[in-house]
Amino acid sequence: MSGDAPHIPVLLKPLLEAVAPVHGVWIDGTLGAGGYTRGLLDAGAERVIGIDRDPMAHDMALDWIAPYAGRVDLVEGNFSDMDKCASQVDGVVLDLGVSSMQLDQAERGFSFMKDGPLDMRMGQSGPSAADLVNSLEEEELADILYHYGEERQSRRIARRIVLARGDKPFETTLELAELIESTIGRSKPGHSHSATRSFQALRIAVNEEYQALWQGLLAAERVLKPGGMLAVVTFHSVEDRMVKRFFQVHGEAKRHVNRYGTDTVEATAPFDVLTRKAIGPDKDELARNPRSRSAKLRVGRRTSIPAQDLAASEIAMPDHQRRR
């Protein structure tokens with residue numbers, strides 16, 4: 001989720017319109033501050049299973065869950081395992097990336113806008129961003145910056161990091177952001193900060209986000225009943241490319257024409273793709289929430305075709321993560 005206020009989810013209105021009518025049991029695989037869960041319940045869902053690996057999301061649920069008593073089941077875990085806690089659901093929504101509540105807390109280490117420990121762990125366990133920055137070989141660090149953040153100056157940045165950490169290990173977000181800025185220069189007015197791509201890359205590596213997305217899409221396919229909806233909101237090009245490719249590979253339909261010239265479509269894939277072109281924010285949402293500018297929504301409807309396996313390479317998952 002993203003937004004100036006954490007309770008306002010991005011693209012909620014077009015999402016609800018695309019999956020209408022909302023009914024039955026849904027999975028919100030990225031619970032965050034509960035914006036999508038509440039939106040789904042208010043739109044007609046009977047029950048929502050809210051999954052999040054971040055313990056803070058479950059603590060925050062205590063502030064809003066009371067009016068929905070008995071209609072929300074909270075699960076602490078990764079959405080890539082959603083089929084282990086439910087089956088035959090009517091819909092799945094995934095809102096990828098980092099949430100506002102995580103960005104706005106300096107102690108979580110996701111943002112270089114405020115100084116804090118170089119952490120970035122969504123689940124608050126396992127290796128931190130500081131662990132990666134201070135221990136990885138230069139080549140692997142450069143690969144992460146390039147493949148996960150599409151940072152064209154990845155080699156220069158990795159080289160400078162390795163040289164600098166020899167004198168003093170990196171501990172805070174501003175230490176790393178300042179080194180990156182001094183390495184590749186300050187960004188032009190109106191452009192993202194010089195460290196944006198590198199911080200994105202490290203966050204994705206720390207949380208293995210591309211791996212989770214690949215496995216999560218397959219888990220959603222297994223858990224949805226025929227007619228169930230899968231809605232995914234992405235925030236950068238690599239994620240969107242993976243989701244687009246997933247729907248292309250698992251959403252192709254076979255056309256045939258019989259002897260009477262009737263053109264029919266036969267369901268031969270697990271999904272009917274409802275958004276051939278990704279849906280973005282409208283002018284009102286952009287004005288209200290500038291963070292939504294990169295958001296894209298894609299939606300598919302589950303068919304009766306059995307769930308199928310899918311290699312990471314088939315949905316253009318970056319090579320580096322497939323090798324890890």
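1. A residue is called buried when its relative accessible area is under 20%, exposed when that area is over 50%, and partly exposed in between. By this cut-off phenylalanine 247 is buried, because its relative accessible area is 3%. The model discussed here is a predicted one, and the burial classes quoted in the points below should be read with that in mind.

2. On confidence, the mean pLDDT of the chain is 89, and 87% of the residues reach 70 or more. The stretch of residues 1–6 has a pLDDT below 50, although, beyond near neighbours in sequence, this stretch has 28 contacts in the model. A reader who looks at those contacts should keep the pLDDT of residues 1–6 in view.

3. On the overall architecture, the secondary structure comes to 13 helices and nine strands. The chain has 324 residues, of which 52% count as buried, and its accessible surface comes to about 15000 Å², with 49% of that belonging to carbon and sulfur atoms. Among the contacts with a separation of 6 or more, 69% are accounted for by residues 24 or more positions apart.

4. Helix α2, which spans residues 35–43, is mostly covered, since seven of its nine residues are buried. Those buried residues are Gly35, Tyr36, Thr37, Arg38, Gly39, Leu40 and Leu41. What do they pack against? Their partners are helix α1 (12–19) together with the strands β1 (25–28), β2 (47–52), β3 (72–76), β4 (89–95) and β5 (224–234). Just after α2, glycine 44 takes a positive phi of about 130°.

5. Side chains of opposite charge can pair when their charged atoms come close. The structure holds 12 salt bridges, and three of them are described in this point and the next. In one, the side chains of arginine 121 and aspartate 119 meet at 2.7 Å, N to O; aspartate 119 is buried, with a relative accessible area of 16%. In another, glutamate 175 pairs with lysine 168, the closest N and O atoms being 3.1 Å apart. Here glutamate 175 is partly exposed, at a relative accessible area of 27%, and lysine 168 also counts as partly exposed, at 43%.

6. A further salt bridge joins arginine 298 to aspartate 240, with the closest N and O atoms 2.7 Å apart. Arginine 298 lies in strand β9 (residues 296–302) and aspartate 240 in helix α11 (residues 237–249), so this pair ties together parts that are 58 residues apart in sequence. Are the two partners buried or exposed? Arginine 298 is buried, with a relative accessible area of 7%, and aspartate 240 likewise counts as buried, at 7% relative accessibility. Through salt bridges that share partners, Asp240, Lys296 and Arg298 are joined into one network.

7. Turning to the aromatic rings, the count comes to five aromatic pairs. The rings of phenylalanine 246 and phenylalanine 271 have their centres 5.7 Å apart and their planes at 65°, so the pair is edge-to-face. Phenylalanine 246 lies in helix α11 and phenylalanine 271 in strand β8 (residues 271–273), and the pair therefore ties together parts that are 25 residues apart in sequence. Both rings belong to buried residues, phenylalanine 246 having a relative accessible area of 0% and phenylalanine 271 one of 1%.

8. Phenylalanine 271 also forms an edge-to-face pair with phenylalanine 247, at 5.5 Å centre to centre and with 80° between the planes. Phenylalanine 247 lies in helix α11, so this pair with phenylalanine 271 in strand β8 ties together parts that are 24 residues apart in sequence. Ring pairs thus link Phe246, Phe247 and Phe271 into a cluster. What lies over the face of phenylalanine 271? Arginine 302 does, at 5.9 Å from the ring centre.

9. A last residue to inspect is glutamine 200, whose place is in helix α9 (residues 196–207). Glutamine 200 is buried, because its relative accessible area of 18% falls under the 20% cut-off. Leaving aside neighbours within four places in sequence, glutamine 200 is in contact with Tyr148, Gly149 and His236.

Terms used: Residues are numbered from 1 along each chain as its sequence is written. Side-chain values use heavy atoms; hydrogens and water are left out. pLDDT is the predictor's confidence in each residue, from 0 to 100. Contact means heavy atoms within 4.5 Å. Buried means under 20% relative accessible area, exposed over 50%, partly exposed in between (1.4 Å probe, protein chains only). Helices (H or I, at least four residues) and strands (E, at least two) are DSSP runs, numbered from the N terminus. A salt bridge is a side-chain nitrogen of Lys or Arg within 4 Å of a carboxyl oxygen of Asp or Glu. Rings of Phe, Tyr and Trp (its six-membered ring) pair if their centres lie within 6.5 Å; planes under 30 degrees apart count as stacked, over 60 as edge-to-face and the rest as tilted. A charge sits over a ring if NZ of Lys or CZ of Arg is within 6 Å of the ring centre and within 35 degrees of the ring normal. Accessible areas come from the Shrake-Rupley method with a 1.4 Å probe; for residues, only the protein chains shown count as cover.
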